[in-house]
Amino acid sequence: MKVPNLRHSIRTLSLSSREKRERIDPPPKRHPPQHCCPRYANKSDTPNGSRNVHVQILESSWSAFSSSARTPAILCLGLGSPSASLNARIQLAFLTETCKRLKVAHDAISIYDPIFTTEDIALLEEELQMRVLPKNRSREREDYILSVPTICFMPHCDIELYDTVLRANWSRDGLSNLFLLGNQLQEYLDNKPTTVLEAVAPCLLRVAPFLENQRLPISDAWPTAFNNISAQYFPSSQSSSIDKLVALWRPHPHEEEGGTGDAVGEGN
Ligand SMILES: C[S@@+](CC[C@H](N)C(=O)[O-])C[C@H]1O[C@@H](n2cnc3c(N)ncnc32)[C@H](O)[C@@H]1O
């Protein structure tokens, strides 16, 4: 017969209610991504078993986009909090794996999410050597101007944020430098009325039909981290479409726009 551990039972009875709660339901573990993400790099997690299929797709799309095969800069927005969210940790692991494969130095990554905690910022800046954009920027959009070919990694961001990045790059150079890894923009056009898109995302409405897109497969292991994510860019055959887009239409300026600031790729 199994004898109950009396010392354990007595100790449990004398715990405060908070201590008891924590014993039964311990607070969530805050894993830094490097402790839980090696699995990402090693796992065969697609139905056909191909390893690291996401990074492979990104690599091939990037080389189709950047004919000179140059090293990209990276702007990462809307990652979520790595200390609190598994999706954010998996996406961060994907980002670091991408950097390894495309030989991107971590200090060429500008990253921002208003949800970042002090712990997240310490991890991203001190351990991973990324450039965390400051929170209180009066002219946020200027950080999004792409002065070199840039992977904009924006997993599951709000439609308005995609539009903000497009608006900041409403020029021939800006749109030509944009390589978006984020929600498939065409799906917004398929699922929302044009009047709504014209009001909330006029740049996205105009750009989406011209983009080449390569969808990442849904991961069996982390189904919510990569669903509906596509690599999207203007193919070189569409360069005259960019010219027409920017010549024939200009987004209305937002009230707070104007001034100068750092652009992605400058100083890298
Ligand atoms: C739907 S969540 C996606 C989180 C995570 N990437 C995922 O796939 O689960 C959108 C994220 O965008 C962030 N966000 C909102 N406004 C932002 C901004 N101006 N710049 C960067 N990130 C922003 C939010 O804090 C949130 O973490």
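The following exchange concerns a predicted model and treats its sheet, two of its helices, two loop residues and the shell around its ligand.

Biologist: In what order do the 7 strands of the open sheet stand?

Modeller: The sheet is open and its pairing is mixed. Its edge strands are S3 (131-132) and S6, each of which pairs on one side only. Read across the sheet, the order is S3-S2-S1-S4-S5-S7-S6.

Biologist: In which sense, parallel or antiparallel, do S5 and S7 run?

Modeller: Strands of a sheet pair through backbone hydrogen bonds, in either of two senses. Between S5 and S7 there are 5 bridges. Gly182 stands opposite Ser230 in S7. The two strands run antiparallel.

Biologist: Which residue of S5 is the bridge partner of Ile151?

Modeller: S4 and S5 pair in the parallel sense over 5 bridges. Thr150 has Leu178 as its bridge partner in S5. For Ile151, the bridge partner in S5 is Phe179.

Biologist: How many bridges join S1 to S4?

Modeller: Strand S1 comprises residues 73-77 and runs parallel to S4. Ala73 stands opposite Thr150 in S4. The number of bridges that join S1 to S4 is 4.

Biologist: Which residues of S4 are buried on each of its two faces?

Modeller: Strand S4 spans residues 150-154, and 5 of its 5 residues are buried. S5, with which S4 pairs, is also mostly covered, with 6 of its 6 residues buried. In S4 both faces are covered, one by way of Thr150, Cys152 and Met154, the other by way of Ile151 and Phe153.

Biologist: Why do the buried residues of H5 lie on the same side of the helix?

Modeller: Helix H5 (residues 53-65) has 13 residues and reaches 18 Å from its first C-alpha to its last, close to the 18 Å expected. Its buried residues are His54, Leu58, Ser61, Trp62 and Phe65. An α-helix has 3.6 residues a turn, so residues three or four places apart point the same way. The buried residues of H5 are on the same side because they cover an arc of only 100° around the axis.

Biologist: Which exposed residues does H5 carry on the face turned away from its buried side?

Modeller: The buried residues of H5 are covered by elements that include H6, strand S5 (178-183), strand S6 (212-215) and strand S7 (229-233). The face turned away from that buried side carries the exposed residues Ser60 and Ser63.

Biologist: Within what arc do the buried residues of H7 fall?

Modeller: Asp120, Leu123 and Leu124 are the buried residues of H7. Seen down the axis, they line one face of the helix, because they fall within an arc of 85°.

Biologist: Which exposed residues lie on the face of H7 turned away from its buried side?

Modeller: The cover over the buried residues of H7 includes strand S2 (109-112) and S3. On the face turned away from the buried side are Thr118 and Glu126.

Biologist: Is Gln129 buried or exposed?

Modeller: Gln129 is in the loop between helix H7 (118-127) and S3. Its phi is near 60°, a positive value in a residue other than glycine. A residue with 12 or fewer other C-beta atoms within 10 Å is classed as exposed. Because Gln129 has 11 C-beta neighbours inside 10 Å, it counts as exposed.

Biologist: How many other C-beta atoms lie within 10 Å of His156?

Modeller: His156 lies in the loop between S4 and helix H8 (159-168). Its phi is positive, at about 60°, although the residue is not a glycine. His156 is partly exposed, and the count of other C-beta atoms within 10 Å is 17.

Biologist: Which helix gives the largest share of the shell around the ligand?

Modeller: There are 15 residues around the ligand, and Gly78, Gly80, Asn87, Ile115 and His156 come nearest. The largest share of the shell is 3 residues, and they come from helix H6 (residues 86-102).

Biologist: How many residues of the shell around the ligand are charged?

Modeller: The shell divides into nonpolar, polar and charged residues. The nonpolar residues number 9 and the polar residues 5. The number of charged residues is 1.

Conventions:
Residues are numbered from 1 along each chain as its sequence is written. This is a predicted model: local features need pLDDT of at least 70, side-chain atom pairs count only at pLDDT 80 or more; totals for chains, interfaces and linings use all residues. A residue is near a molecule or strand if its C-beta atom, placed from the backbone, lies within 6 Å of it. Ala, Val, Leu, Ile, Met, Phe, Trp, Tyr, Cys and Pro count as nonpolar, Asp, Glu, Lys and Arg as charged, and the others, Gly among them, as polar. The expected span of a helix is 1.5 Å times one less than its number of residues. A residue is buried if 20 or more other C-beta atoms lie within 10 Å of its own, exposed if 12 or fewer, and partly exposed in between; C-beta atoms are placed from the backbone. The arc is that of the directions from the helix axis to the C-beta atoms. Two residues are in contact if their C-beta atoms, placed from the backbone, lie within 7 Å. Two strands pair if DSSP finds at least two bridges between them.
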